[in-house]
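User: Please walk me through this model. I would like short questions with reasoned answers.

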Amino acid sequence: MAVAVTEVPDRVPVYPRLSPGMMGMYIFLASEVMFFGTLFASYFYLYGSHQPWPPPGSHPVNWWPIPFFNSIILFSSGATCHVAHLGIQAGNRRRFFYWWVLTIVLGIGFEIGQAYEFVEKLAPQWISFLPWVNPSDAMAFSANPFATAFFTMTGFHGLHVLGGLVILCILLWRFSKGQFSQRHHVGIAAGAIYWHFVDAVWAFLFVVLYLLVTFPNGYQGG
Amino acid sequence: MATVAQPQVIDEAYERSLWSPITVWLTTTDHKLIGIMYMFTSFLAFLVAGIFALIMRVQLAQPNLNVVDAETYNQLVSAHGTTMIFFFVTLFLTGMANYIVPIMVGARDMAFPRVNALGFWLVPVSIGLYYSGFFAGGALNAGWTGYPPLTSKHFNPGLGVDFWTLSLIVWAISGIMASVNFLTTILALRAPGMTLLRLPLFVWAQISTSLLLLIVGAPLAGAMILTEIDRQFGTNFFTSAGRPVLYQHLFWFFGHPEVYIMILPGFGMISEIIPVFSRKRIFGYESMVLAIFGIVFLSMGVWAHHMYTVGLNIYVETMFMALTAAIAVPTGIKFFNWMATAWQGAIEFTTPMKFAFGFLATFVIGGITGVYLSAVPVDTQLHQSYYVVAHLHYVLFGGSVFTIFAGIYYWFPKWTGRLLNERLGNWNFWTMLVGFNGTFLIMHTLGLDGMPRRIATYAREDWAGVNFFITVMSFLLAFSVLLFVINVLYSRKHGVIAGNDPWDGNTLEWATTSPPEPYNFERVPEVRSFMPLRDAKLAAAGSPTASDH
C-alpha cells in the first residue's frame, strides 16, 4: 500500500500558527473594541461640550466602595481564568475545573455588585430598608448627559460580562461532556480571551467613569 | 491507483436543483448556497427599492403633482436609500464573495460555516424589521441617514424609526459575522502555495471590505443603540441637552467607509474581468493592493465631509477636505492600472467586459464630482441639492451596480453551469448605460440650479421639462433591469452550456466544475502565482509557466 511520493511543492507558505477559532475570536474582538470605542468617543464628545462635568444636579458617582471591590473581583477572575487555561494546557482537568468554576463565581459576584449599584442609583426606594441607602442619592437615567453615558457604558459592559458568563458556562458544560483535552481546547482558549477582553474594558471604565469623576482635579490627599 | 478515494457526497441534497425542497435551503451551511441566498434576497430588495424610485420619479415628473402625499414620499425616499445601500448593494456583494472567495483561495468552505448561515439568516430578519414599519403606522421618514432631532421621540413618535434602528443593529451584527468569517477564511484556509501576494485582487478587495465593515459596523450599531435609548428612556445623547451632531459623527464614521464597502469588491471584480477579456496580466498587481489599502486607510478619516454645513471648525473642515481629495490618488492609480491592462490587449467585448468599461466611464464622472464636492466652499453651496443625488448615483449605480452586473454576467456560468444570453445581455447593457446616464447626468444641472433633494415636489415650471426627461429615462433604466431578469430566467433553463471555464479564466474558480461540488475541488491545485489556472494551462500546453510572482 505504498503511497505515491509527491514532490514537495516549493515555497509552501507558513501559515499563522493560530487556529481558525482563535483567529476568528481575535478578529471579532476588533469589532468589540470599536463598539466600546464608540461609547467612549461619545462620552468624551459629551464631556468636551459640557462644562462643568459632570453637569450640576447629578449625584456624582464614587469609586468607593463597590466599584473598587468589583474591580478587584473582576481582575481576579481574569487571573483565575488564566490559571484554568494553563490547567487544561497542562492536561490537569481537575485544576481547570476548579479555577474555571471560581471564575464563573467571581463573574457572578461582579454582576451582583453592578446590579446593586444600578438599583442604588436608579431605584433606591427598592432597597430603602438598608440603613446606609439614602434615597436622595438617586440619579435618573435621563437626568443629564453624564448619567445617560454612565448607565449606558457600565450597562453595556455588564451585558458583555453576562454574555461572557454564558460563554464560560457553555464551555464548562462542553468540558463536562469531555469535549476538551490537553491538545484540543480552542473553545476554552477563545472564551478565555473574550473574558480577558471584558476585564480590560472594565479597567478603562473604572478609570474614566469612576476615578476621573471622583477626583476631577487629581487626588488631593487625605 | 485503484484506491483513490472518491470524495464523499457531503450534502446529498445539494445535488438537487434550485427548486428542491425548501429544507435544503433552510438548513444549508454550504457557502455556495448561502451566497446564492444572499444574492436572491438582496436582488428582491433591489427590485422593491427600484419600484420605490419609479414612484418617486412619477411624482417628480411635473411640478406640484400629488401622486403620493408628502409623508409617503418621505417614507419612500428613506426606504429607497436604506434598501439600496444596506439590503441590496452591500449584501449582494457579500453573496458574490461568499460564493467566489473560498473557491478563489482554494478552500472547501468558509472558516465558520454555521456562523455564515446565521449571518445570512439575520438578513431576512433585518429586512423584515425595516419593512414592518410600513405595517405599523409608517416606516422611517427621516431619510436613510436618520438625523436627530428628526428621529427623536418628540418629533417622530411612530414605530418606523424604532423598526429602522433595530433593523440596522441586526444588519450590523450580520455584517460583522460575515467579516470575521471572510477574514479568517482568507487568512487561515488558503491552498498550499497561495501566499498573500498571490491572492486574486477580488480576494484582496474582500479583505479590505471585511476589514472596513469589521471596524465601522460596531459604530453604526452604537449610533442606532444610542438613538433607541434616547427614544425609549428619554435620555440625552442626541437631544438638545446632549449633542445632536454627535450622531452625525458616529453615523458618518460608519457611513463613509460604507461607500467603500460597496465599491471595493466592485473594484476587485473589475480587476478580475479586465485582464481576462484583454488576455493580459493585470497591470501593477502590487500597486493595486497598495491602492486598496490606501483607500481603506483614507476612508476612515473623511467622514466629516458629509457635515460641512453643521458648523465645524474651519481647520477641521480643511483637514477633511484635504484627506477627501487625497482619495482620488489611490483611486486614480487603480483607474490607470485598469486602462493600462486593457491597453493593446486582445479585447473581447463580452457582456461582462462591456459592463466593466461602462463602469470605468460612469464611475470616473462620479469620482470627479466627488473631488469637486470635497471642497468646502463648493459643498456648502451644493449640499442637499440634486447635484449630490447625481454624484452619489454615479458612484453607487454607475460604480457599484455596474460592477455587480459585470460580476453576474462573469460568474453566472459558474453558479448555474449556463451562460447568460449575450444578445439580451447586449440590450441590457446599452439600455442600462443610456437609461442611467439619461436619468442622472442632467441632475447635475438641476442641482446647480438649486433644486433641493428629498423634497416631495417643486413649484418651478422651468424645471418641468428636465424632470420629465429624467422620469422617462428612469423607466428605460427599469426596463434594462427587466431585460436582465428575463435573461436570468431564460438562461437558467435554456442558456448555452458553459463548461468549467467558458472565459479562459485565470483564477481557481474556473478550475472546478460549474457549479462546483459541495467540496469545491477534488484536489486542491498547486499555486505558484496569482493566476494559478493560467499557469496550469500554459504548463499543459508545454509553454514555460508564468514567472513566479
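Questions and answers on the interface, one helix, the salt bridges and the backbone follow.

Analyst: This is a predicted model, in which local features need pLDDT of at least 70, side-chain atom pairs count only at pLDDT 80 or more, and totals for chains, interfaces and linings use all residues. Residues are numbered from 1 along each chain as its sequence is written, chains are lettered from A and ligands numbered from 1 in the order in which they are written, and side-chain values use heavy atoms, with hydrogens and water left out.

User: How many residues of chain B are in contact with chain A, and how much area do the chains bury between them?
Analyst: Contact means heavy atoms within 4.5 Å. By that rule, 32 residues of chain A meet 38 residues of chain B. Buried area is the accessible area (1.4 Å probe) that two parts lose on being put together, summed over both. Carbon and sulfur atoms carry 73% of it here, and the total is about 2900 Å².

User: Which residues of chain B lose the most area to chain A?
Analyst: Three residues lead on the chain B side, together giving 17% of what that side buries. They are B:Asn236, B:Phe237 and B:Arg243.

User: Which element gives the largest share of the side of chain B that touches chain A?
Analyst: Helices here are DSSP runs (H or I, at least four residues), numbered from the N terminus. The elements giving two or more residues to this side are α5 (160–188), α6 (201–233) and α7 (244–278) of chain B. With 9 residues, the largest share comes from α6(B).

User: How do the residues on that side of chain B divide into nonpolar, polar and charged?
Analyst: Ala, Val, Leu, Ile, Met, Phe, Trp, Tyr, Cys and Pro count as nonpolar, Asp, Glu, Lys and Arg as charged, and the others, Gly among them, as polar. The split is 23 nonpolar, 9 polar and 6 charged.

User: How many salt bridges cross the interface of chain B and chain A?
Analyst: A salt bridge needs a side-chain nitrogen of Lys or Arg within 4 Å of a carboxyl oxygen of Asp or Glu. The structure holds 8 of them over all chains. Across the interface of chain B and chain A, the rule finds 0.

User: Where does helix α13 of chain B bend?
Analyst: α13(B) covers residues 386–416. 29 of its 31 residues are buried (under 20% relative accessible area, 1.4 Å probe, protein chains only), so the helix is largely enclosed by the rest of the structure. The bend is about 40 degrees, taken between axes fitted to the seven residues ending at a position and the seven starting there. A proline, B:Pro413, follows within four residues of the bend, which is at B:Tyr410.

User: Which side chain joins B:Tyr394 in a polar contact of 2.7 Å?
Analyst: B:Tyr394 sits in helix α13 of chain B and is buried, at 0% relative accessibility. Beyond four places in sequence, B:Tyr394 touches residues including B:Phe363, B:Phe436 and B:His444. A polar contact is a pair of N or O atoms within 3.5 Å; within protein, one must be able to donate a hydrogen and the other to accept it, and residues adjacent in sequence count only if both atoms are side-chain atoms. The partner is B:Asn437.

User: How far apart are the closest N and O atoms of A:Lys121 and A:Glu117?
Analyst: Both residues lie in helix α3 (residues 93–122) of chain A, 4 residues apart, about one turn of the helix. A:Lys121 is buried at 7%, and A:Glu117 is buried at 2%. Their salt bridge spans 3.1 Å.

User: Which residue forms a salt bridge with B:Glu348?
Analyst: The pair links distant parts of the chain, 69 residues apart. B:Glu348 is partly exposed (from 20% to 50%) at 34%. The closest N and O atoms are 2.7 Å apart, and the partner is B:Arg279.

User: What is omega for the peptide bond from A:Gln51 to A:Pro52?
Analyst: A:Pro52 lies in the loop between α1 (20–48) and α2 (66–89) of chain A. The bond is cis, with omega near -5 degrees.

User: Is B:Gln344 buried or exposed?
Analyst: B:Gln344 is in the loop between α10 and α11 of chain B. Its phi is positive, about 60 degrees, although it is not a glycine. Its relative accessibility is 74%, and over 50% counts as exposed.
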